[in-house]
Amino acid sequence: MKIDTICVHGMQKQKEDKTGTINMPIYQTAAYSHSEVDKEDPYGYTRLANPTREAAEELVASLENAKYALSFTSGLAAVSSFLDIFNKGDHIILTEDLYGGVISIINNFTTKNGVLVDFIDTSDINGIKSKIKTNTKAIYIETPTNPMMNVTDIKAVAEIIKDLNIILIVDNTFLTPYFQNPLELGADLVVHSGTKYLSGHNDTLAGFLVTNNNELYEEIKTIRGTRGAPLSPMDSFLIIRGIKTLALRMEKAQQNALLIANWLKNNNKVTKVYYIGLKEHMGYNISKKQSRGFGAMISFEVDSKETAYKILLSTKIIIFAESLGGAESLITYPCENTHKEVDKDSREKRGITDKLIRLSVGIENVNDLIKDLEQAF
Ligand SMILES: *Cc1c(COP(=O)(O)O)cnc(C)c1O
């Protein structure tokens, strides 16, 4: 099956239901009755197992062409859960330009528990090499990054840790499995904020971890069950429903994004455009090699803070709101919204200034979106 068919038919668990239902029923139950006293049933308590959740996981695993997917109440719940696998003294190398919430987890909890970290520019492969130590246990990359759209060569990173006991984790939220499959490029674990493109309608929070590694799967599944952060039955259903149109939405949003990125480039109040689908973008060639598309996330810098404020407050179709990846185009201000937790110096060093705006291009008519931006400028 090709990926657009997998979006629609990659989940077959509904066939276990005898009614002939086309969609997966929502098993909205906390507990299941026991059938025997001295033997465990497959379903006992929904924190540990739920058929609707398993259906969503089957679908996400098949999109990544992977053996296992585990779902969580949010992307950050997924990240928190796997970070629990590390012990005091372990060392992790991370992309410096990570999603702000992940940086908060690392700085507030992971390091407090004695895990050592290095935030670096992972698009520089030699930089990664120079940071690897005997206690390095993982490399965590986001590509492209949020919001600066830096691209890391996944295969090249996998290559340098091939014979080492180090796992490679890739946040694949921005490109989704529709455009990029990190496991096939050598990653061990893939992270998704399902809240974004997988759900696709700005109406659900969800997170996923995807892997082919049995040990990792079992370990993280145990952590999830114990900590109590699995995806609810209703939200699992919404994710399955959202993914049915993933291919259409990604294609349309990407098409819109390229036109908007080019329009922004020709606007005299715009000083920089960061879109990996532009040939001049630093990550363009690596993206061509490792991904099937460029997605629909654009960041751009304008001439002043005043211009930034004006745009954020005067778009009429594009909504000034956090999050991304839904049908609706959303515009955000990373320095005040998504990356507020990151301290000002390291933010500005990475280009997240008060002139930077992030745009999640939706699936509206592109002429309406451009007209909206035009009047806002
Ligand atoms: C949103 C996001 C997250 C966190 O996901 P939540 O579902 O909001 O918890 C992680 N990584 C990236 C790239 C994101 O965009």
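## Two cis prolines in one loop

Where does Pro144 lie? Look in the loop between β4 (136-142) and α6 (154-160). Keep in mind that this is a predicted model, so treat what follows as a description of that model. The peptide bond joining Thr143 to Pro144 is cis, with omega at about -5 degrees.

Pro147 turns up in the loop between β4 and α6 as well. Here too the bond is cis: Asn146 and Pro147 are joined with an omega of about 5 degrees. As background for both cases, most peptide bonds are trans.

## A positive phi at Asn202

Moving on to the loop between β6 (189-193) and β7 (207-211), you'll find Asn202. Asn202 isn't a glycine, yet its phi is positive, near 50 degrees. In general, most residues other than glycine have a negative phi.

## Around the ligand

There are 14 residues around the ligand, and the ones that come nearest are Leu76, Asp171, Ser193, Thr195 and Lys196. Sorted by class, that shell holds 5 nonpolar, 6 polar and 3 charged residues.

What about polar contacts? Thr195 puts a polar side-chain atom 2.6 Å from a ligand oxygen. Leu76 joins in through its backbone, with an N or O atom 2.8 Å from an oxygen atom of the ligand. Ser74 uses its side chain, where an N or O atom is 3.5 Å from a ligand oxygen. As for burial, the ligand on its own has 380 Å² of accessible area, and the protein covers 94% of that.

## Helices α3 and α4

Leu76 shows up again in a helix pair. Helix α3 (residues 75-83) packs against helix α4 (residues 100-110) at an angle of about 35 degrees, their axes 10 Å apart. The crossing of these two is right-handed. On the α3 side the contact is made by Leu76, Val79, Ser80 and Leu83, while α4 brings Gly101, Val102, Ile105, Ile106 and Thr110. By class, that contact has 6 nonpolar and 3 polar residues, with no charged ones. So Leu76 is part of the α3 contact with α4, and Leu76 is also one of the residues that come nearest to the ligand.

## Helices α2 and α9

How far apart are the axes of α2 and α9? They sit 8 Å apart, with helix α2 (residues 51-63) and helix α9 (residues 233-243) packing at an angle of about 35 degrees. This crossing is left-handed.

From α2, the residues involved are Thr52, Arg53, Ala55, Ala56, Leu59, Val60 and Leu63, and they meet Pro233, Ser236, Phe237, Ile240 and Ile243 of α9. The class split for this contact comes out at 9 nonpolar, 2 polar and 1 charged.

Definitions and conventions. Residues are numbered from 1 along each chain as its sequence is written. This is a predicted model: local features need pLDDT of at least 70, side-chain atom pairs count only at pLDDT 80 or more; totals for chains, interfaces and linings use all residues. Side-chain values use heavy atoms; hydrogens and water are left out. A residue is near a molecule or strand if one of its heavy atoms lies within 4 Å of it. A polar contact is a pair of N or O atoms within 3.5 Å; within protein, one must be able to donate a hydrogen and the other to accept it, and residues adjacent in sequence count only if both atoms are side-chain atoms. Accessible areas come from the Shrake-Rupley method with a 1.4 Å probe; for residues, only the protein chains shown count as cover. Ala, Val, Leu, Ile, Met, Phe, Trp, Tyr, Cys and Pro count as nonpolar, Asp, Glu, Lys and Arg as charged, and the others, Gly among them, as polar. Axes are lines fitted to C-alpha atoms, for helices over the stretch in contact, and angles run from 0 to 180 degrees between N-to-C directions. Helices (H or I, at least four residues) and strands (E, at least two) are DSSP runs, numbered from the N terminus. A crossing is left-handed if the near helix is turned anticlockwise from the far one by less than a right angle, and right-handed if clockwise. Contact means heavy atoms within 4.5 Å.
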